Amino acid sequence: MARGIKDKVVILGAGCSKFGERWECEPADLMAEAFEECIADAGIEKNQIEAAWQATGIDSFSVGPGAMPLSMALRLPYIPVTRLENYCASGTEAFRAATYAVASGACDIALAMGFEKLKDTGYGGLPQRSRGVSNDMYYPNLSAPGMFAQLAAGYRAKYGTSKEDLKQAMAHVSVKSHANGAKNPKAHLQRAITEEQALNAAMIADPIGLFDCCGVSDGAACAIVTTPEMARSLGKKDLISVKALQLCASNGEEGGFDNWDGSYVATTRIAAKRAYEEAGVTKPRKEISMTEVHDCFSVTEMVTMEDLFLSEDGGAVKDVLDGVYDADGEVPCQIDGGLKCFGHPIGASGLRMLYEMYLQLGGRAGDRQLSDPKLGLTHNLGGFPHQNVVSVAIIGQYGV
Amino acid sequence: MVGITAYGAYLPRLRLQKKVIADANGWFDSGLIGLGKGEKAMCNWDEDAITMATEAYADCMGRETGQAPAALFLASTTLPFADRQHSVIVAEALNLETADLRTMDVTSSQRASTSALLSALDIAGAGKGEAVVVAAEHRLTRCASREEMLFGDGAAAVSVGAENVIAELVCSFTQATDMIDHYRAEGEDFDYGWEERWVRDVGYMGILRRAVESLLSKTEVDAADIKHFILPTDQARAPAMVAKRLGIADSAVADNLLQSVGSTGAAQPLLLLTHRLEQAEPGDLILLTGFGQGCDTLLFRTTDAIANKKPLSGVSGHLARGVAEENYNKYQSFNDLLDKELGKRADTDKTAFLSAMYRNRGLVNSFVGGKCSACDTVQMPKHNYCVNPECGAFQTQEDHPMSGVKGRVATWTADRLTFDFNPPAYFGLVKFEGGGRIMMDMTEVDPDNFDIGTEVSVHFRIKQIDSQRGFRKYFWKAVPAA
């Protein structure tokens with residue numbers, strides 16, 4: 001393996017808009033809100049940014065194609081700006097592009113911005129969209145919860161878990177995230193819920209009920225990255241650096257070949273292994289302080305705990321119910337409230353997760369602050385359980 | 001010897017209880033209350049003449065792909081396109097050998113299927129091989145009409161040839177007469193009909209009776225020797241009256257299945273023929289009529305071979321597997337008879353990309369996957385590279401038809417968020433016997449008898465309807481084994 005990205009790039013600043021039904025906001029307003037926080041945190045001028053990447057998942061529903069939306073929203077100084085789309089990993093992809101640009105030496109300071117304006121559709125849930133001219137001819141008639149509900153069936157089939165036990169663990173996942181989100185002023189949903197509410201909510205796609213689904217929100221998040229040397233020269237101390245940045249895209253084997261049973265996400269496992277190797281992590285459950293994972297649906301988060309090798313295979317139900325991933329547990333998950341409470345403005349989510357890890361590692365997470373976190377892991381999963389794109393990022397204190 | 005070599009049928013699983021129609025509309029027309037007995041076969045939202053025709057052919061001829069009949073004729077007056085040959089869609093869905101296959105849609109009359117059958121018999125008689133006639137009808141009726149009570153949906157198929165004949169054609173006679181018992185104008189959904197008594201007296205007792213007499217006069221056959229008399233109509237008592245006048249025994253009069261299926265229009269002659277063939281014994285005389293702008297009459301005599309030739313399910317099998325539907329609104333919704341709020345999720349662009357459809361027709365029309373010639377791995381869809389990670393060979397995929405292969409549900413959900421005409425939308429990963437799997441839609445799911453491991457077969461169904469452009473897309477769906 002190449003030497004990897006570990007400690008070559010640090011986060012100079014990060015920002016995140018309030019997420020929610022931002023009826024009054026244009027995408028440009030959301031971007032400006034996140035960016036003003038970010039650049040103030042970075043302590044630089046706008047004209048010091050040398051390149052930028054813009055992540056948007058569904059261009060037709062927000063701003064149209066190309067990179068002008070970001071460049072124009074912030075009046076960036078005629079620098080290279082590139083639009084990136086890679087399903088739900090888009091935000092982390094923008095961060096990866098900016099990080100690699102800095103690591104390569106092509107530029108010293110780069111911006112990654114992710115945003116999405118989902119609430120201009122006139123209906124709840126994610127916007128309807130084409131899967132591609134040919135794919136639409138045979139892909140099933142699906143919604144996002146419908147696709148991820150497949151994981152529950154696959155998991156039950158593999159481990160013989162009862163529907164009731166699985167649903168109980170799923171409910172715990174959501175109750176925990178709502179409790180965390182209630183402490184976060186930037187979250188869309190800031191209300192705690194009970195397990196009873198989660199268990200009895202309207203069914204969306206068996207066994208996923210309303211409270212097993214993440215919200216649907218508008219939002220933007222961003223980060224400015226640079227080299228450790230540049231950060232130091234700008235007067236920064238206690239640097240937060242990138243330890244690993246991995247991406248894995250399905251090649252169709254999971255859905256098309258008989259070696260995948262539907263109980264896990266193969267790409268997450270591959271990306272996680274690579275990320276741990278890149279970051280030098282050998283005992284993830286001991287070494288990873290906290291995670292922000294792609295909890296588009298509660299069952300996705302539960303399965304992801306196994307796919308990140310934090311729970312043993314077949315052990316996530318018990319670990320979840322034992323509180324391992326609660327705020328006061330062994331490896332807190334979604335300490336900011338997760339997609340569950342922030343919703344999932346697609347391009348923004350990866351950067352929103354990194355923003356929280358960055359705050360936590362810097363001891364700036366307010367009421368949510370965990371004690372002395374060392375490594376934070378973020379995870380995005382875009383597409384379907386059987387064919388998808390997964391990103392895994394690990395950040396931590398520089399040089400530690 | 002030329003005659004029938006195989007037969008089969010298809011009825012939609014849903015059976016609308018006629019009482020619910022009477023309950024809904026009896027206040028308006030009390031005459032409907034007396035008709036509110038029994039049930040009628042109704043298409044699910046994803047069934048039409050094409051999908052039913054495909055099933056009826058399979059019931060008659062089996063699901064083996066690569067069959068090479070000389071001709072495939074499709075008879076129907078409810079075909080979804082005015083200009084697109086439906087028999088070709090059916091041929092591709094059945095994965096027939098399409099080189100040198102003669103296809104034709106026969107339409108515009110209730111006797112379309114008997115006329116198609118006569119042409120098919122001519123082909124077989126000319127020594128050109130086996131010809132298959134499929135008839136299917138998805139009948140639309142006005143709310144609170146008599147037709148709504150009497151019409152049903154269904155399909156049947158009959159194969160004719162010169163070898164392995166189970167019912168030899170003795171004789172035929174056709175009278176062409178423009179008597180308009182009813183008509184349906186171009187672009188109209190519904191029939192406009194004339195008084196039943198006039199149709200009975202002038203049509204059945206007149207034109208049809210005289211046609212039968214002309215037919216019998218060409219033979220030595222005595223009307224009293226006829227064992228099966230098929231007069232397709234929505235009039236319950238007409239067949240017995242005509243039979244009596246002709247001297248045909250009352251016991252020979254075929255049940256028109258009005259209380260179980262309904263009158264299936266152009267499909268009714270072959271559906272009733274199939275039903276009688278299921279019961280016929282060697283040496284039986286069968287008189288088949290088809291009425292509409294005149295009359296077709298065909299006389300068959302069964303052979304010893306009939307005892308050993310059965311359809312997969314037949315009319316009896318399909319009658320037995322019905323599921324009672326008591327929701328009249330669902331019937332109206334499935335048939336697009338209501339201006340119903342479908343929600344914004346239904347309001348998406350459904351353009352059919354015809355060039356891409358043509359490229360993908362192996363998968364879309366015929367459910368053909370790929371099998372690697374290097375490692376035998378089966379995959380859906382077919383791909384340039386083998387999906388087996390141990391193999392990965394390039395361009396080794398050979399066409400591998402999967403339409404007759406059984407599968408099992410590996411994962412599933414019932415999706416209430418996505419738009420579906422019959423929510424919840426069931427879909428999931430299906431693993432096929434012998435390898436291959438695909439994430440696909442499921443239909444006709446009984447939630448109480450369905451989970452991981454349920455056996456399924458795949459069927460050609462409507463996938464999406466583009467009402468804006470008058471198009472409908474088809475694909476395959478998994479149906480749990482009954």
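Biologist: Where in chain B does B:Pro424 lie, and what is the omega of the peptide bond from B:Pro423 to B:Pro424?

Modeller: B:Pro424 lies in the loop between β18 (407–415) and β19 (425–432) of chain B, where helices (H or I, at least four residues) and strands (E, at least two) are DSSP runs, numbered from the N terminus. The peptide bond that leads to B:Pro424 from B:Pro423 is cis, with omega near 0°. This is a predicted model, in which local features need pLDDT of at least 70 and side-chain atom pairs count only at pLDDT 80 or more, while totals for chains, interfaces and linings use all residues. Residues are numbered from 1 along each chain as its sequence is written, and chains are lettered from A and ligands numbered from 1 in the order in which they are written.

Biologist: Which residue does a cis peptide bond join to B:Pro381?

Modeller: B:Met380 is joined to B:Pro381 by a cis bond whose omega is about -15°, and B:Pro381 is found in the loop between β16 (378–379) and β17 (397–401) of chain B.

Biologist: Why does B:Glu444 count as buried, and why does B:Asp336 count as partly exposed?

Modeller: A residue is buried if 20 or more other C-beta atoms, placed from the backbone, lie within 10 Å of its own, exposed if 12 or fewer, and partly exposed in between. B:Glu444 has 22 C-beta neighbours inside 10 Å and therefore counts as buried, whereas B:Asp336 has 14 and so counts as partly exposed. Neither is a glycine, yet phi is positive in each, near 60° for B:Glu444 and about 55° for B:Asp336. B:Glu444 is found in the loop between β20 (437–442) and β21 (455–466) of chain B, and B:Asp336 in the loop between α10 (328–334) and α11 (354–359) of chain B.

Biologist: What makes α5(A) roughly perpendicular to α11(A)?

Modeller: The axes (lines fitted to C-alpha atoms over the stretch in contact, with angles from 0 to 180 degrees between N-to-C directions) of helix α5 (residues 163–181) and helix α11 (residues 298–307) of chain A come within 8 Å and cross at roughly 100°. Angles under 35 degrees count as roughly parallel, over 145 as roughly antiparallel, 65 to 115 as roughly perpendicular and the rest as oblique, so α5(A) is roughly perpendicular to α11(A). Among the residues that make the contact (C-beta atoms, placed from the backbone, within 7 Å) are A:Met170 and A:Val173 of α5(A) and A:Val299 and A:Met302 of α11(A).

Notes: Two residues are in contact if their C-beta atoms, placed from the backbone, lie within 7 Å.
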